[in-house]
Amino acid sequence: MLDGKCVFCRIIKGEIPSAKVYEDEKMCVFKDLEPKAKVHLLAVPKTHFKLLSEVGGSEAEILSYMLTKIPQIAADNGCTNGYRLIINQGDDAGQTVFHLHIHILGGEKLSDF
Ligand code: 5GP
Ligand code: ZN
């Protein structure tokens with residue numbers, strides 16, 4: 001379920017310190033080490049999927065679960081006027097950590113992209 005060499009699995013297990021802002025049995029949310037916005041959180045499932053494309057049909061419930069939780073977590077952490085969600089999938093998108101995660105960016109007016 002978790003991968004001993006994966007940095008986000010190690011954060012989930014508490015082996016690597018992180019600033020966690022939310023945790024339940026299915027997901028964990030912590031502050032990005034190198035924030036790209038005033039608020040920059042990473043929402044991570046507690047199952048190790050390398051890529052979005054690895055989430056099978058029977059496992060896809062985790063995605064709707066996370067998307068349902070994120071609005072309250074974002075609001076609780078200073079995204080009161082909107083936020084942006086990003087999933088970087090693969091090399092062309094610049095994915096650097098191969099454990100599926102959703103970036104939550106906000107806390108300020110974000111630039112267009
Ligand atoms: P990706 O480029 O894969 O979509 O995003 C990976 C994100 O994870 C980056 O924004 C990077 O700053 C963040 N990150 C990488 N290693 C760590 C870490 O050890 N702790 C935390 N909190 N964030 C990390
Ligand atoms: Zn992992």
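What geometry does the site of the zinc ion (ligand 2) have, given its 4 donor atoms? Keep in mind while you look that this is a predicted model.

1. Let's take that question straight away. The angles among the 4 donor atoms run from 106 to 117°, and the site of the zinc ion (ligand 2) is tetrahedral. To count as tetrahedral, four donors need all their angles between 85 and 135 degrees, so you can check the call yourself.

2. Now, who holds the zinc? Two cysteines and two histidines do the job: C6 and C9 each offer their SG atom, while H48 and H99 each use ND1. These donors sit 2.0 to 2.3 Å from the zinc ion (ligand 2).

3. Have a look at where those donors fall in the sequence. Their spacing along the chain reads C-x2-C-x38-H-x50-H. H48 and H99 are 51 residues apart, and the pair links distant parts of the chain. You'll find H48 in the loop between β3 (39-45) and α2 (61-76), whereas H99 belongs to the loop between β4 (83-86) and β5 (102-106). Both H48 and H99 are buried.

4. Next stop, ligand 1. It has 17 residues around it, and the closest are K31, D32, T96, H101 and H103.

5. Zoom in on the polar contacts of ligand 1. D32 has a polar side-chain atom 2.5 Å from an oxygen atom of the ligand. The side chain of N88 brings an N or O atom to 2.9 Å from an oxygen atom of ligand 1, and for the side chain of H101 the distance is also 2.9 Å. As for cover, ligand 1 taken alone exposes 520 Å², and the protein buries 86% of that.

Key: Residues numbered from 1 in each chain as written. Chains lettered and ligands numbered in written order. Predicted model: local features only at pLDDT ≥ 70, side-chain atom pairs only at ≥ 80, totals over all residues. Heavy atoms only, no water. Donors = N, O, S within 2.8 Å, 3.2 Å for Na, K, Ca; no water. Tetrahedral: all angles 85-135°; square planar, octahedral: opposite > 155°, others 65-115°. Helix = DSSP H or I, 4+ residues; strand = E, 2+ residues; numbered from the N terminus. Buried < 20%, exposed > 50% of the residue type's maximum accessible area, 1.4 Å probe, protein only. Near = heavy atom within 4 Å. Polar contact = N/O pair within 3.5 Å; in protein donor to acceptor, adjacent residues only side chain to side chain. Areas by Shrake-Rupley, 256 points an atom, 1.4 Å probe, with all protein chains shown as cover.
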